[in-house]
Amino acid sequence: MAVVQTRGLTKLFAKGQVGAVVDVDLESREGEFLVLLGPSGSGKTTLLRMIAGLEEPTSGEIWIGGVLVNDLTPRQRRIAMVFQSYALYPHLTVLGNIEFPLKARRMPKEERRRKAQWAADLLGIGRLLGRKPRELSGGERQRVALARAIVREPSLFLLDEPLSNLDAKLRASAREELEQFQKKIGTTTIYVTHDQVEAMAMGDRVVVMNQGAVRQIGTPADVYDEPQDTFVAAFLGSPPMNLLEAAGVIVGFRPEHFHPSAALPADEPVLKLAFRAKHEEYLGAERILYGVLEGGPFDGEKAVARMSSTLAARFAPDVVHDFAVAKKDLKFFDREKETRTEPRALA
Amino acid sequence: MAGVRARQLAFRTFHWTVLAVFSVLLAFPFYWMLITSFKRTGDLYDLRNNPFVFNQKPTLEHLRLLVNETLFLRWLGNTAFAGLVVVAITLLLAVPAAYALARLTGRWGGRIGIAIFLTYLVPPTLLFIPLSRIVAWLNLQDTLWAVIVVYPSFTIPFSTWLLMGFFKSIPPELEDAAMVDGLTRFQAFLKLVIPISLSGILTVVIFTFTLVTQEFVYALTFISSASHQTVGVGVPIYLVRGDVYYWGSLMAACLIASLPIAVLYNLFLDRFIAGFTVGSVK
Amino acid sequence: MSGVRQRWLGPAMFLPAVLYVVALVGVPFVLAFFYSVGDVKVGSVGYHFVGFRNFTSVLQNPTFLRALRNSFVFTVASQILVLVGANLLALVLKNAFRGRRFVRFLILLPWVAPVSIGSIGWKWILDSLYSVINWVLVRLHLVKEFSAPMWLGEPKLAMMSVILVHTWHMLPFATVIILAGWTAIPKDIPEAAAVDGAGFFRRMFQIELPMMLPIINVAVLFGVIFTFTDMTVIYILTRGGPYDTTQVLPSLAFFTGILGSDLAEGAAISIFLVPLLVAVAWLMLRSAHRAEVV
């Protein structure tokens with residue numbers, strides 16, 4: 001088990017290439033599931049590849065388990081990585097794939113067999129050992145890739161979007177399985193994804209990245225409920241946070257905190273807003289209401305409300321309704337720096 | 001910790017050594033052609049001179065001799081003419097054939113395609129004896145037309161194979177859309193598929209032409225007068241007078257005959273390779 | 001209705017090409033067998049079946065046996081050299097570096113320049129009197145000026161020379177094909193192997209080369225065909241000499257059938273190319289079939 005630490009880690013590319021990483025300081029905790037989340041080109045995969053030793057940093061330091069690993073090759077770092085494509089060796093059988101890392105460590109054949117069997121059983125692919133990768137389904141391939149990664153009992157587990165090649169239905173179950181699996185083996189894991197649902201569901205902590213920089217690190221609840229800047233606020237959540245400008249400050253509130261006034265307790269301090277409904281999307285469990293605010297500090301700005309389908313109220317289009325947000329649910333951001341600031345009174 | 005650096009240095013040394021050694025070995029004859037072409041005869045045949053450099057002033061004498069007193073220009077002209085006619089015949093036959101085999105014939109198309117490709121493997125050295133009879137029977141012996149008629153027998157198979165791969169990569173929905181819009185299948189082929197495939201067709205043009213310039217055995221077999229020869233046989237066989245080699249002119253001829261083709265070929269190399277490796281890269 | 005029209009459109013489009021190839025490859029291919037069991041000579045009319053007389057006469061000819069053996073030596077030796085060289089060269093060319101396009105152009109020259117013309121260049125380099133190689137060897141005091149090697153004049157050296165020149169000609173072709181195989185390997189796979197703890201050699205010999213095996217097969221099969229059936233390099237460098245010591249089957253067929261006017265015996269000699277052709281074609285079909293199945 002080991003923690004990963006990066007200090008001022010930077011990777012610059014030639015002009016026109018995306019994925020640069022700028023001055024990243026990061027510290028994982030023992031046995032934690034750390035998710036790197038960001039849009040494509042945000043540098044999260046580059047960061048992971050630098051930790052793996054597949055990409056050489058322009059500057060900065062990487063420490064794994066208290067050892068500076070900048071000058072170590074991937075094999076010397078004793079880590080395991082699962083690639084987005086799984087990168088199974090097509091000419092080897094499943095057994096050959098799982099055994100490969102052990103062979104590379106010159107482990108005797110007997111022990112190798114035993115370990116491979118153990119890893120395969122752990123992932124429930126014992127009956128597939130004789131097959132070639134091309135004879136496997138997407139889910140099976142993913143398990144083989146995981147088995148190949150855990151078989152050497154690594155101190156650190158790196159996963160690069162391992163679920164993105166699965167279809168939607170399989171993805172949900174694989175997500176859960178992977179999470180349980182990580183809890184079971186307890187290895188520190190760094191997981192890269194652009195899918196916020198995966199990040200929220202699996203991560204002990206989430207690192208939100210954009211344009212090569214870390215924007216916020218925290219538990220899923222932290223980053224969702226207390227976004228530190230407007231990027232994090234807008235990136236997480238679907239539909240995203242309403243961000244409205246007034247009196248030199250940006251005010252944000254989640255669509256699910258934007259309620260009809262009547263639905264809020266009478267003693268709750270609230271910000272009342274007149275909301276002209278435009279159209280509604282019915283999504284089964286919930287309804288999304290799109291509209292425009294009228295009067296007050298945000299006159300003319302668009303906003304979105306999200307409520308449970310069990311709510312009886314109906315909102316006729318093109319009619320102004322009384323809506324409100326609890327004051328505690330309002331987030332304030334500096335208009336220039338786009339970072340969180342103190343709450344202040346709105347005119 | 002110095003391991004990474006040392007390994008990088010070792011790798012770099014290995015990399016540049018291999019590159020340098022192979023570049024020199026492979027390109028040296030062409031450097032040699034170049035320097036020989038412009039050396040004075042006295043310089044060329046004096047064993048005391050360092051042969052790698054000019055010991056006397058360079059001369060255009062060999063080039064002048066080549067152009068004025070040999071059939072070299074004639075051979076270039078013959079080759080260009082034969083090349084163009086063979087290209088025309090090849091396109092006329094291979095383009096429709098490749099399209100039909102890629103699209104219209106289902107399972108059989110693939111099989112006929114492979115059969116056609118396999119004929120590309122049948123070498124001139126197996127066929128030249130019977131073909132010399134056929135050429136005589138067609139009354140074409142000792143004419144440029146002998147090779148013009150025979151060359152498409154290997155350019156068509158290779159071109160058909162290349163173009164089949166090309167046509168298969170065009171989405172069939174394009175032609176379906178054209179036919180829904182009122183074109184017949186053949187019109188869709190003429191007005192839609194051919195314009196889209198121009199770069200593939202250009203590749204075939206280049207390769208047919210280079211195959212013609214590179215061919216040796218058939219031209220040597222079917223053509224016996226120097227003035228009807230192509231450059232590939234004319235230069236190595238007919239520039240030699242009796243037993244005397246005019247190395248200066250000979251090397252100038254070699255250089256002129258190889259460089260333009262080499263440049264052309266290089267531009268289209270990747271497609272050419274794709275033709276050989278279809279199905280084996282995956 | 002369009003179904004009816006398509007039924008003849010397909011054949012109408014591919015038949016001209018097929019007929020052309022049948023007429024000028026299929027017919028002569030059959031004729032080659034036909035001649036090899038007859039008594040055709042240049043200028044002769046009529047044809048008499050003579051059974052296997054041409055074959056028995058050829059098989060008793062020591063020059064033929066020598067050519068048969070030379071053909072295998074020529075093919076095997078040059079293909080081994082090509083394979084080793086091409087893998088080495090592809091290994092360095094697969095990395096991006098400054099001037100890569102130019103280096104690729106230089107390295108391709110021997111393949112793209114007409115082979116007859118490249119060979120005549122070598123004939124000058126290997127000249128009995130003015131060989132630049134000998135000039136260097138003499139200056140390095142490795143050989144004496146008046147006993148310098150006759151590269152094309154001594155049987156063993158001549159065989160070595162034609163093998164090396166043919167290797168020179170074929171190397172670029174194999175290199176670019178193997179290079180194509182190498183670039184087709186997804187980048188993830190060698191990276192995964194590196195993370196899995198494999199060093200450079202384990203990556204190369206246990207992961208990359210095995211993955212490239214199908215494409216190396218293609219390079220070898222084409223190389224074998226192009227070498228076993230070629231006579232250009234030998235015809236220009238040595239004309240099969242000295243004393244037929246570099247004669248191979250194709251060149252012997254040419255000298256016998258075309259220059260010697262004995263079409264029947266020439267055809268019989270070239271028929272000996274067929275078993276190898278069939279073997280290679282069969283291997284190619286098998287690997288193509290596999291590629292489709294997987």
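In this predicted model, strand β1 (residues 4–11) of chain A runs alongside β2(A) in the antiparallel sense, and the two are held to each other by four bridges. Within that pairing, Leu9(A) sits opposite Val24(A) of β2(A). The two strands belong to an open sheet of four, ordered β2-β1-β4-β5 (chain A), and the pairing is antiparallel. At the edges are β2 (21–27) and β5 (67–68) of chain A, each with a partner on one side only. A helix joins in as well: α1 (residues 44–52) of chain A packs on the sheet and touches β1, β2 and β4 (59–64) of chain A. The direction of this helix makes about 120° with that of β1(A).

Zooming out, chain A splits into domain 1 (4–225) and domain 2 (240–334). Strand β1(A), at residues 4–11, therefore falls in domain 1, given the bounds 4–225. The C-alpha centres of the two domains of chain A are 40 Å apart.

Chain A also has a couple of backbone oddities. As a rule, most residues other than glycine have a negative phi, and most peptide bonds are trans. The bond between Ser238(A) and Pro239(A) is cis, with omega at about -5°. Pro239(A) itself lies in the loop that links α8 (230–235) to β11 (242–246) of chain A. Then there is Asp318(A), which is not a glycine but still has a positive phi, about 65°. Asp318(A) belongs to the loop between β16 (302–308) and β17 (320–326) of chain A. Is Asp318(A) buried or exposed? Asp318(A) counts as exposed because just 9 other C-beta atoms lie within 10 Å, and the cut-off for exposed is 12 or fewer.

Chain C has a similar case. His141(C), again not a glycine, shows a positive phi of about 60°. The loop in question connects α6 (132–139) and α7 (155–183) of chain C, and His141(C) is found there. With 7 other C-beta atoms within 10 Å, His141(C) is exposed too.

As for the rest of chain C, what is its secondary structure made of? The count comes to 13 helices and zero strands, so read from the N terminus on, the elements are simply α after α. The C-alpha atoms of chain C fit a box of roughly 85 × 75 × 30 Å along the principal axes. Of the 294 residues in chain C, 48% are buried. Among contacts in chain C with a separation of 6 or more, 68% are between residues 24 or more positions apart.

Chain C also meets chain B, in a contact that takes 75 residues from chain B and 77 residues from chain C. On the chain B side, helix α1 (residues 3–37) of chain B gives the largest share, twelve residues. By class, that side has 55 nonpolar residues, 18 polar ones and two charged ones.

Inside chain B, helix α3 (residues 61–69) packs against helix α14 (residues 247–267) at an angle of about 75°, and their axes are 8 Å apart. That angle is why α3(B) counts as roughly perpendicular to α14(B). Where they touch, His62(B), Leu63(B), Leu65(B) and Leu66(B) of α3(B) meet Gly248(B), Ser249(B), Ala252(B) and Ala253(B) of α14(B). The contact between these helices has five nonpolar residues, three polar ones and no charged ones.

Key:
Residues numbered from 1 in each chain as written. Chains lettered and ligands numbered in written order. Predicted model: local features only at pLDDT ≥ 70, side-chain atom pairs only at ≥ 80, totals over all residues. Buried ≥ 20, exposed ≤ 12 C-beta atoms within 10 Å, placed from the backbone. Contact = placed C-beta atoms within 7 Å. Nonpolar A, V, L, I, M, F, W, Y, C, P; charged D, E, K, R; others polar. Axes fitted to C-alpha atoms, helices over the stretch in contact; angles between N-to-C directions. Parallel < 35°, antiparallel > 145°, perpendicular 65-115°, else oblique. Pairing = 2+ DSSP bridges.
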